[in-house]
Amino acid sequence: MINSKSDKKGSGKFRRNLPGVSAAPKLHIWALGFALLLAGCAVPVSAPVGAPQGAPAGGGLGTVRVEVSGLGLVSGSEPMPVPVSGVSATPKLQAVQADPKGPLGPQRTVYPTPPDTSKLKYTYIWTDITDEVEPKLVTPDQDSDGNFILAVGSYTLDVQAYINGIAEPANLVGTGVGTKLSGDGTPTITVGDSENLTVKVALEPLDGTDPGAGTGTGTLAYTISYPATTEDFTLTLRNLGDETTPPLSDANDDDNLQTYDGTETVAAGYYDLTVQLKDATGRTAGKNDVVHVYQNMTTTIPAADWTFTDADFRARLVEAAAVTGLAAPVTGKPPAAAGSLSVPDDANYGFAASAGFTWEEQTTDGWTTFSGGKFAPRATYRAVITLKANSGYKFSGSIIATVNEGPLDGWIVSAGKISGDTAMNTLTFTVTFPATDSTAKLEPTTWKIPAPHTLTITSTSATTPLIVKPTGELTLSLTGDTGDYTDIRWTVNGNPVTADAPAGTAYTFKGDGRSLGTYTVGVRAQQDGLWYENRVKVPVTNVELVLEGDYTGGITAIVEDGLLKSITTDAGAILIGRKDDETVTLKLDEAGKLQFRAVDGAGNVPIGSYGEFQLINTQLGDSHSGDKYKQEADLDLMGNYDPDTGAWSGQQWTAVGNDSARFTGTFDGNGKAISNLYINNRSILQGLFGIISTGTVKNVHIASGSVTGADYTGGVAGYNQGIITACSNSSKVTGRNATGGVAGMNNGGTIFACYNTGAVSGNYYVGGVVGDNYPNGIINACYNTGRVSGYGTSGGVVGYNLGGTILYCFWANFDGNGVGDSIVGSVYGSPVYGGTGSGGTAKFGAAWPSTSNQWTIGANAWKNLGNWNGGTNPVYPTLWWE
């Protein structure tokens, strides 16, 4: 029923494949375990007791007790942990936004059932890293209590758990890394002479989110019950990691029992399982669960949780109703026929079968039915419009009805009344018109659209399209030989208005008293027995817009809390993100679509709005390496922070540049601020820029926001292969692996004179400035004062450094080292401060350097080095551009 899509992006495309144990990231050490198993070198629990492997002559020995937890295990007093129920199979309720096209929910998260721990087999892989140049695998002995006996030195421990009691790759169900119980949480285990250590290992399931962990499968089982009135049944499964939709197998659909049950074998990962039902009346019901599928585990959705009854079916809401074609009463003319009115083609409602459109006249007895004939002079009329919702729909209690795309001069549209008992499927509202003219006006019987020079409207405004402020006005005039026209008439939204000039050749449109929106000003005139007509659209808006291009249509602006959030043209919405008292210049084509403006004198394309920034995503790749952009004003990217809950929401930013189309141009932030950057996208390459290839990003300053992604997530860029210079980030950054305040991954790129003050968190390779610095990557004169947290390989400046260069950087507010971990062969900068693992970096504190010859001072790096001041009111160093 579901056609699967190919994954063009590939979430693991950038993951490096490194030869040898010493170069392999610890995150993927379990892959080495597979190779050892196949070679017969795995370390089982039942290894024979004897002299410890690699023990030096006369050297010391230590004893290590290993306690394993996770996957339904907890640490206990026995050599092997006692199994308990660990992974919850009970749905956990979460809030979910209602789907206006089909109510779903509530959304739950369903977890797998733990494996049978009595049948699990564990392998223990010890690596001696005392010699960082040549780490080696060891097979330690065990004493009678099952504790490991190791020579004095430094080690890492990786544990794998297998189902069915057989240690084969296909049976792998969980992995974990040992950490010293009394240590700092790092995976390095240091064994001292005669020392008795306890090492904890928290096994984690293989949830499919780590591309390096393989593509194992798990099982999803479900049973859905539905009432006999159900006519339509749709079930979809969507992978939340790569957005693919795996095909579902043929399930057991029993119409007699009204059940639908199935068992699916799918790749490990996070999925959205959605069921949607529809009954004979068009009502809908549905639920969707976020389903975790782990390798070699079964996730079962309890039948009771997916049992639908007739009470679960609800009508869909109609939130707005629109009617067009309504004409105002004209003295001496009969009312238009009911067939002249229409609703949108895709509307879920129509006119009531009877009395869908009638007229009423105001009399001394109130409103009475207007039985027909012609409209009388100096009389007040109203149209009564009744709409009926389609089957399966009902009108919302807060519905708003619009007529002729309003607002309309002098027309009053009532709020409307909803009826239809509990069905709420009938909406009645009225449109009241101004009193008719005192005399009848003859309408033309023959119409002709004039040539542009025949009946042309000009104005006092130099802008295109015409724009009026609520306190302003605009004079419209006829040009050409106006003496040849007779009976010139001006209208606003079809209603007659009074002309200013004696012959009716001019009209002043005033914004005062009008609602914000777009108005249609028209003029009609007669010449040689034929009638001519022309119209212009005049937006009334309270923002300063300068529009370039060929667009002459209407414009509606949305302003909230002093911010111009967007404008809407005939082509749709354009996001802006500027203060409402600033002049915003945009270029629109004839249809109203946003275009890049012409380059400035230095060859830069000006970027002054959210929409223009996003247009860069249409100009990516090597063919655009010469493109240059320059930010011309502070931009608000319209994420919303709730101080009460600490949560972010609002407008989600799409990173500039992606896996298949990378940013290769030059973007100059011009020292302007970017605030409220909001990304919540659990996929790779997240940041203001997704991936910078050969491009340059400079002078970009992110003042606030929240960036959440998977691997390769950063504030300024998720992945950098180009140049990032003189940039800063103060947004919160949350990712998985390779997560940094400025950039998640720096692969051969240069990051110079940048800083981060936002909190950075992730799993592995987490750094205040850069998460992962790959060979030939250069990080020079950068600093971090934000909090840094991760499961391993986390650093105040860089989380993981593999042969890259780090020079003259400092960090604060992090208790670990400046560089979380590195591989031998890395080129460290000089000087080296702060101790082991801090090459090229220094911690801002009591040992802070005070002489300028230790650091590069001047226009190329630091302005000054600040002062520790004994920890009281410390003054942080500042970069040359600050």
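Two strands count as paired here if DSSP finds at least two bridges between them. Keep that in mind as you click around, and remember that this is a predicted model.

**Stop 1: S45 and S46**

Select strand S45 (residues 605–607) and S46; three bridges join them, and the two run parallel. Zoom in on Val 605, which stands opposite Tyr 629 in S46. Now add helix H2 (residues 610–615) to the selection: S45, H2 and S46 make a right-handed β-α-β unit.

**Stop 2: along S46**

Show side chains for strand S46 (residues 628–631) and you'll see them alternate. Which of these residues are buried? Tyr 629 and Gln 631 are, and they point to one face, while Lys 628 and Lys 630 point to the other and are not buried.

Next, bring up strand S50 (residues 666–668), which is joined to S46 by three bridges and runs parallel to it. Tyr 629 turns up again in this pairing, standing opposite Phe 667 in S50.

**Stop 3: Phe 689**

Phe 667 is a handy link to the next pick, as it is among the residues in contact with Phe 689. You'll find Phe 689 in strand S53 (residues 689–692). Is Phe 689 buried or exposed? Its relative accessibility is 0%, so it counts as buried.

Leave aside the neighbours within four places in sequence, and the contacts of Phe 689 include Phe 613, Phe 663, Val 697 and Val 716. Ala 655, Val 656, Ala 717 and Gly 718 are in contact with Phe 689 too. For a distance label, try Gly 657: its C-alpha lies 6.0 Å from that of Phe 689, with the two positions 32 residues apart in sequence terms.

**Stop 4: the eight-strand sheet**

Select S47, S51, S55, S60, S65, S70, S75 and S77, in that order, for an open sheet of eight strands with parallel pairing. Strand S47 (635–636) and strand S77 (841–843) are the edges, each pairing on one side only. At the S47 end, two bridges connect S47 in the parallel sense with strand S51 (residues 673–675). Look there for Leu 635, opposite Ile 674 in S51.

**Stop 5: an antiparallel sheet**

Finish with S40-S41-S42, an open sheet of three strands with antiparallel pairing. Strand S40 (556–560) and strand S42 (572–579) each have a single partner strand, so one side of each has no neighbour in the sheet. On average, neighbouring strands here are turned by 20 degrees against each other, direction ignored.

Five bridges hold the antiparallel pairing of S40 with strand S41 (residues 563–569). To pick one out, select Ile 558 and its bridge partner in S41, Ser 566.

Conventions: Residues numbered from 1 in each chain as written. Predicted model: local features only at pLDDT ≥ 70, side-chain atom pairs only at ≥ 80, totals over all residues. Heavy atoms only, no water. Helix = DSSP H or I, 4+ residues; strand = E, 2+ residues; numbered from the N terminus. Buried < 20%, exposed > 50% of the residue type's maximum accessible area, 1.4 Å probe, protein only. Contact = heavy atoms within 4.5 Å. Axes fitted to C-alpha atoms, helices over the stretch in contact; angles between N-to-C directions. Right-handed = clockwise from strand over helix to strand, strands pointing away.
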